[in-house]
Amino acid sequence: MDTTAATALVDLGIKACTAYGREDLAARLGRIGAGLADPAVHIVVAGEFKQGKSSLINALLGTAVCPVDDDVATAVPTFVRHGDEKTATLVYDGNPPRREQVGPRPPTASSRRRRTC
């Protein structure tokens, strides 16, 4: 999506806000401009446990990125984004947050049952 015209309009608005001493509005427009520059699309999938959210995400993406199990498998917020390689990183709360690369998950008992049926 071409955002050139929108970015130019936001930049013009920032100049006008600065000229009229409205740094608060200039800051807000700056955040909007940063959003225009970020091509990421954020989609939130929320709901009760065991209602098919992970299955929906896997189906939309056409690959298994979220675990699906007979038991609760994704009880924490999970962020999925495109990358050149399939990787997973755990991000622990803290200041700064601690990141830990993880390897592939071993198959669960229920996923083994599904494969053998």
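Reader: Is Arg-98 buried, partly exposed or exposed?
Author: Welcome, and a good place to start! Buried means under 20% relative accessible area, exposed means over 50%, and partly exposed lies in between (1.4 Å probe, protein chains only). Arg-98 has a relative accessible area of 46%, so this residue counts as partly exposed.

Reader: What kind of model is this, and how are its residues numbered?
Author: Residues are numbered from 1 along each chain as its sequence is written, and side-chain values use heavy atoms, with hydrogens and water left out. Local features need pLDDT of at least 70, side-chain atom pairs count only at pLDDT 80 or more, and totals for chains, interfaces and linings use all residues, for this is a predicted model.

Reader: Which element of the protein has the lowest mean pLDDT?
Author: pLDDT is the predictor's confidence in each residue, from 0 to 100. The protein averages 82, and 87% of the residues score at least 70. Over residues 110-117, pLDDT stays under 50. Where pLDDT is low, the predicted coordinates should not be read in detail. Helix H1 (residues 4-19) has the highest mean, 95, while the lowest, 44, belongs to helix H4 (residues 109-116).

Reader: In what pattern do the helices and strands follow one another along the sequence?
Author: Helices (H or I, at least four residues) and strands (E, at least two) are DSSP runs, numbered from the N terminus. The protein has four helices and two strands. Read along the sequence, their pattern is α-α-α-β-β-α.

Reader: Which residues of H3 are buried, and why are they said to be on the same side?
Author: The buried residues of H3 are Ser-54, Ile-57 and Asn-58. They cover an arc of only 100 degrees around the axis, so they are on the same side of H3; the arc is that of the directions from the helix axis to the C-beta atoms. The face turned away from this buried side carries the exposed residues Ala-59 and Leu-60. To come back to the names you wanted, the buried ones are Ser-54, Ile-57 and Asn-58.

Reader: Which residues does Val-65 touch, not counting those up to four places away in sequence?
Author: Val-65 is found in the loop between helix H3 (53-61) and strand E1 (88-92). At 38% relative accessibility, Val-65 counts as partly exposed. Contact means heavy atoms within 4.5 Å. On that basis, Val-65 touches Ile-57, Asn-58 and Val-80.

Reader: How many disulfides does a search of the whole structure find?
Author: A disulfide is a pair of cysteine sulfur atoms within 2.5 Å. Cys-17 is buried at 13% relative accessible area, and Cys-66 is buried at 7%. For the whole structure, the number of disulfides found is zero.

Reader: How far apart are the closest N and O atoms of Asp-24 and Arg-22?
Author: Side chains of opposite charge can pair when their charged atoms come close. A salt bridge is a side-chain nitrogen of Lys or Arg within 4 Å of a carboxyl oxygen of Asp or Glu. Asp-24 is partly exposed at 41% relative accessibility, and Arg-22 is partly exposed at 37%. These two form a salt bridge, and the distance between their closest N and O atoms is 2.7 Å.

Reader: Which residue forms a salt bridge with Arg-98?
Author: The structure holds two salt bridges. The partner of Arg-98 is partly exposed, with a relative accessible area of 32%. The N to O distance in this pair is 3.3 Å, and the partner is Glu-100.
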